[in-house]
Amino acid sequence: ASAAMAGGLPQAALNATQNVLDRDPGNVEALIQQADALTALGRPDAAAEAYRRVMAKGVSPSRAQLRLARVGAGRVDLAMGRASEAEAIYVALIAATPDDPVGQNGLAIAFDQQGRHDEAQAAYRKALALADTSATRSNLGLSLVMSGDVSGALELLRPLASDSASNPRIRHNLAFALELAGDRAGAQRALAVDMPRDQVLAELAGFGAFRVAPAPVGKP
């Protein structure tokens, strides 16, 4: 299963883990591998169930395995918009490992998805104090935009977007901030690096809709 996942063959990994679990339903390593495979196959509900089996009573994961299950379940819940469930998982993860930046970043995204931007930004900053990554900085920038601090977001996102290690997510977040700051030309330039003109225009239209209804954000 591990080799199959490493080789980009999640269905083969799923088959292998199921063979193990048919004989040993409580095999923690197989449950985690199965959940990872289901996530890769776009089956989030089944993946969440497998991760939660690792966290359930009657199974005895190691501390490292329990962390993997919590991280996986939290990411699935965030992707599915189940922010309150994700929040509970990340709170448990942080309680067990307070110095885990992944837990703080995930908790921050869960807060953002619930519109609790001040709490989200505090959690992002805790994550950055533990591990200063461009992904977490980008998430913080997006949170600042959503809470109305567009100038603060631009101050954070512009250097990230101009760095050689920038990526489409960072440039997308910068474009969002630029559009809300009234700099449509700058937003178009940022988006045009990664997408054709018709898609750029569609994205800009989507940004305008944010003023009416914010969307879930962030990358776990």
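Biologist: What pLDDT does the chain average, and what share of the residues score at least 70?

Modeller: Good place to start, since this is a predicted model. The chain averages a pLDDT of 93, and 95% of the residues score at least 70. Residues 212-216 are another matter: their pLDDT is below 50, and beyond near neighbours in sequence this stretch has three contacts in the model. Where pLDDT is low, the predicted coordinates should not be read in detail.

Biologist: Thanks! Now to the rings. How many aromatic pairs does a search of the whole structure find?

Modeller: In general, a pair of aromatic rings is described by the distance of the centres and the angle of the planes. Here the search finds one pair. Phe176 and Phe207 sit 5.0 Å apart, centre to centre, with 35 degrees between the planes, and the pair is tilted.

Biologist: Which helices hold these two residues, and are they buried or exposed?

Modeller: Phe176 belongs to helix 11 (residues 168-180) and Phe207 to helix 13 (residues 197-209). With their positions 31 residues apart, the pair links distant parts of the chain. Both Phe176 and Phe207 are buried.

Biologist: And how do I read helix 7 against helix 9? At what angle do their axes cross?

Modeller: Two packed helices are described by the angle between their axes and the distance between the axes. For helix 7 (residues 101-113) and helix 9 (residues 134-146), the axes come within 11 Å and cross at roughly 20 degrees. Angles under 35 degrees count as roughly parallel, so helix 7 is roughly parallel to helix 9. Their crossing is left-handed.

Biologist: Which residues make the contact?

Modeller: Helix 7 brings Asn105, Ile109 and Asp112, while helix 9 brings Thr136, Asn139, Ser143 and Met146.

Note on methods: Residues numbered from 1 in each chain as written. Predicted model: local features only at pLDDT ≥ 70, side-chain atom pairs only at ≥ 80, totals over all residues. Heavy atoms only, no water. pLDDT = per-residue confidence, 0-100. Contact = heavy atoms within 4.5 Å. Phe/Tyr/Trp six-rings, centres within 6.5 Å; stacked < 30°, edge-to-face > 60°. Helix = DSSP H or I, 4+ residues; strand = E, 2+ residues; numbered from the N terminus. Buried < 20%, exposed > 50% of the residue type's maximum accessible area, 1.4 Å probe, protein only. Axes fitted to C-alpha atoms, helices over the stretch in contact; angles between N-to-C directions. Parallel < 35°, antiparallel > 145°, perpendicular 65-115°, else oblique. Left-handed = near helix turned anticlockwise from the far one by under 90°.
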